[in-house]
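The exercises below are meant to be worked with the sequence and the structure side by side. Try each task before reading the solution that follows it.

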Amino acid sequence: MNKVQLITIMFASLFLIQVIYYSTRNKLRDKQAFLWFLMAVIGLFISVFLEPLNKVAAVLGVSYMPTLIFTIAFLVVLNVLIYQSITLSDHQEKIKTLVQEIAYIKHELKNDQGKEEKDESC
């Protein structure tokens, strides 16, 4: 095991500990916690098995293995961003609906109070 591999194992382990810490503090919802936990475990797995990954890169025709890792990591991050954008769009739509419902309820409440005041004055 060389120095680079030890450093990557250390950082992957720290990332795994960070994910576990945030999920135990309820900073991450279960679905996101599972996703990040899976990513941390995959990162740790890749860190441990760097040499076989060199062979996989050679079979795929990639001459510099870190390029393959970077490309895969970039695609994973893009997918996470797309997922977060979809979730954000969904939440924005729900917020819009809730605001409209609250406005309608306030309007109805105001109308009911106006009717009650008219009934009391008669």
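Helices and strands are taken here as DSSP runs, a helix having at least four residues and a strand at least two, and they are numbered from the N terminus. The model is predicted, and the values below are computed from it.

**Exercise 1.** Find the spans that UniProt lists as "transmembrane region", and work out what share of residues 56–82 is helix and what share is strand.

Solution. Begin with the record: the unreviewed UniProt entry places this feature at residues 6–24, 33–50 and 56–82. Next, take residues 56–82, where the chain is 85% helix and 0% strand, with the end C-alpha atoms 28 Å apart. Then turn to residues 6–24, which are 100% helix and 0% strand, and whose end C-alpha atoms lie 27 Å apart.

**Exercise 2.** Identify the residues that make the nonpolar surface patch, and decide whether Phe74 is buried, partly exposed or exposed.

Solution. The patch covers about 600 Å² and is made by Phe70, Phe74, Leu75, Val77, Leu78 and Leu81. Of these residues, take Phe74, which is found in helix α4. Its relative accessibility is 45%; since partly exposed covers the range between under 20%, which is buried, and over 50%, which is exposed, Phe74 counts as partly exposed.

**Exercise 3.** Determine how many salt bridges the structure holds, and describe the partners of each.

Solution. As background, side chains of opposite charge can pair when their charged atoms come close. The structure holds two salt bridges.

- In one, Lys94 pairs with Asp90, and the closest N and O atoms are 3.5 Å apart. Both residues lie in helix α4, four residues apart, which is about one turn of the helix. Lys94 is partly exposed at a relative accessible area of 47%, and Asp90 is partly exposed at 39%.
- In the other, Glu93 pairs with Lys96, with 3.9 Å between the closest N and O atoms. Glu93 and Lys96 are separated by about one helical turn because they are three residues apart in helix α4. Glu93 has 44% relative accessibility and counts as partly exposed, and Lys96, at 44%, is likewise partly exposed.

**Exercise 4.** Name the residues of the negative surface patch, and place Glu116 within its helix.

Solution. The patch is formed by Glu108, Asp112, Glu116, Glu117, Asp119 and Glu120. Glu116 lies in helix α4, which runs over residues 65–121. With a relative accessible area of 49%, Glu116 is partly exposed.

Conventions:
Residues are numbered from 1 along each chain as its sequence is written. This is a predicted model: local features need pLDDT of at least 70, side-chain atom pairs count only at pLDDT 80 or more; totals for chains, interfaces and linings use all residues. Side-chain values use heavy atoms; hydrogens and water are left out. Patches are made of residues with over 30% relative accessible area and no salt bridge: like charges are joined within 9 Å, nonpolar side chains (Val, Leu, Ile, Met, Phe, Trp, Tyr) within 5 Å. Accessible areas come from the Shrake-Rupley method with a 1.4 Å probe; for residues, only the protein chains shown count as cover. A salt bridge is a side-chain nitrogen of Lys or Arg within 4 Å of a carboxyl oxygen of Asp or Glu. Lys and Arg count as positive and Asp and Glu as negative; His and the chain ends are not counted. The place of a charge is taken as NZ of Lys, CZ of Arg, CG of Asp or CD of Glu. Buried means under 20% relative accessible area, exposed over 50%, partly exposed in between (1.4 Å probe, protein chains only). UniProt positions are given in the numbering used here, feature names are shortened, and annotations may be inferred rather than shown by experiment.
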